[in-house]
Amino acid sequence: MNGDTLIEVRDLHKYYGKHEVLRGIDTQICQGEVVAIIGPSGCGKSTFLRSLNLLEPPTKGQVIFEGNDITAPGTDVDKIRQKIGMVFQQFNLFANMNIRDNITLAPVKLGIMTKEQAEKRALELLERVGLPDKAEAYPAMLSGGQKQRIAIARALAMNPDVMLFDEPTSALDPEMVGEVLGIMKELARDGMTMVVVTHEMGFAREVASRVMFINEGLIQEENTPQEFFEHPKNARLQEFLSKVL
């Protein structure tokens, strides 16, 4: 734990009808941490991640973000989300807008920046994600890896305090995975707080400060990458790692 607590999760439960997907999760995420979340399909990883910005409202429990209980009635969720960047599996870019407009839309619409400021920031971010020549291009003209790098730039345009990544490379061709992970590694080096649901064990081992194993709706083990991968204690985690490593 290398900074102040940014997100605190207390006794988080999520039901879909009678099916309990999250069964009481407690954890803290500190400033500057990179938390990688791994686990079998359907175990609740993405539901947990999406509950951190209330894209999945919890059935029970609290999410405290920067000291505010964002699960409390009357919370301005849209305002909270401005500080929580989100990158999805399927990019979610607006097909009818060029790349610059995709990046500038939210900061301008929400009054965080003027159009001029947002356009300057968009060009800086395109440079940062290695696509400075794509401002006028449309999403259909880009590869999957390029689209995901644009999606990261778009999330960064809001100057978030934390970035959530929901399996950001799982929809990509293998040769494009590296270019997206490369950007994420740079963000981690720059001190961005990140929570990443991922199948990329190499990324989790190399970049994460903590790795979390979610299974059957619970955190069954979490540790530093070295301890987590080399000395797993939970039997289900041992079995999982034996199949994916």
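Select helix α3, residues 99-109, and colour I99, R100, N102, I103, T104 and P107, which are the buried residues to look at in this helix. Bear in mind from this first stop onward that the model on the screen is a predicted one. With those side chains shown, add helices α4 (115-128) and α5 (144-156), since these are the elements against which the buried residues of α3 pack. Then move to the start of α3 and show N98, where a side-chain oxygen reaches to within 3.3 Å of the backbone nitrogen of R100. At the other end, just after α3, select G111, which takes a positive phi of about 75°.

Now zoom out to the whole chain, in which there are nine helices and 10 strands. Its radius of gyration is 18 Å, close to the 18 Å that the globule rule gives for 245 residues, so the chain is as compact as a globular protein of that length. Taken along the principal axes, the box filled by the C-alpha atoms is roughly 50 × 45 × 35 Å. If you colour the 245 residues by burial, 51% of them count as buried. Among the contacts between residues at least 6 apart in sequence, 67% join residues that are at least 24 apart.

Next, select strands β2, β1, β4 and β5, which in that order form an open sheet of four strands with antiparallel pairing. Look at the two ends of this sheet: β2 (19-30) and β5 (68-69) stand at the edges with a single partner strand each, so one side of each is left without a neighbour in the sheet. Keep β5 selected and add strand β4, residues 60-65, which runs antiparallel to β5 and is joined to it by two bridges. To see how these two strands face each other, pick out I64, which stands opposite D69 in β5.

From there, go to strand β6, residues 84-87, and show its side chains together with the glycine at position 85. I84 and M86 point one way from the strand, while G85 and V87 point the other way, and all of them are buried. Add strand β7, residues 162-166, which runs parallel to β6 and is joined to it by four bridges. Across this pairing, I84 is found opposite V162 of β7.

The next stop is M194, which has its place in strand β8, residues 193-197. Is M194 buried or exposed? With a relative accessibility of 0%, M194 counts as buried. Leaving aside residues up to four places away in sequence, select what M194 touches, namely E33, V34, V35, M163, F165, M184, L187, A188 and F203. For a distance to check in the viewer, take the C-alpha atoms of M194 and S209, which are 15 residues apart along the chain and are separated by 9.9 Å.

Now select F213, which is found in strand β9 and is buried, with a relative accessible area of 0%. When residues up to four places away in sequence are not counted, F213 touches a set of residues that includes I38, G39, P40, F228, N234, R236, L237 and F240. One of these, L237, lies 24 residues from F213 along the chain, and the C-alpha atoms of the two are separated by 7.1 Å.

Use L237 as the way into helix α9, residues 235-244, where L237, F240 and L241 are buried. These three cover an arc of only 95° around the axis, which puts them on the same side of α9. Turn the helix over to find A235, S242 and K243, the exposed residues carried by the face turned away from the buried side. Then show the elements that the buried residues of α9 pack against, which are β3 (34-38), α7 (201-207), β9 (210-215), β10 (218-223) and α8 (225-230). At the start of α9, select N234, a side-chain oxygen of which reaches to within 2.8 Å of the backbone nitrogen of R236.

Finish with the cysteines C30 and C43. C30 is buried, with a relative accessible area of 3%, and C43 also counts as buried, at 4% relative accessibility. How many disulfides are there to look for? The count comes to zero disulfides, where a disulfide would need a pair of cysteine sulfur atoms within 2.5 Å.

Conventions. Residues numbered from 1 in each chain as written. Predicted model: local features only at pLDDT ≥ 70, side-chain atom pairs only at ≥ 80, totals over all residues. Heavy atoms only, no water. Buried < 20%, exposed > 50% of the residue type's maximum accessible area, 1.4 Å probe, protein only. Pairing = 2+ DSSP bridges. Arc of directions from axis to C-beta. Contact = heavy atoms within 4.5 Å. Polar contact = N/O pair within 3.5 Å; in protein donor to acceptor, adjacent residues only side chain to side chain. Rg over C-alpha atoms; globule rule 2.2 N^0.38 Å.
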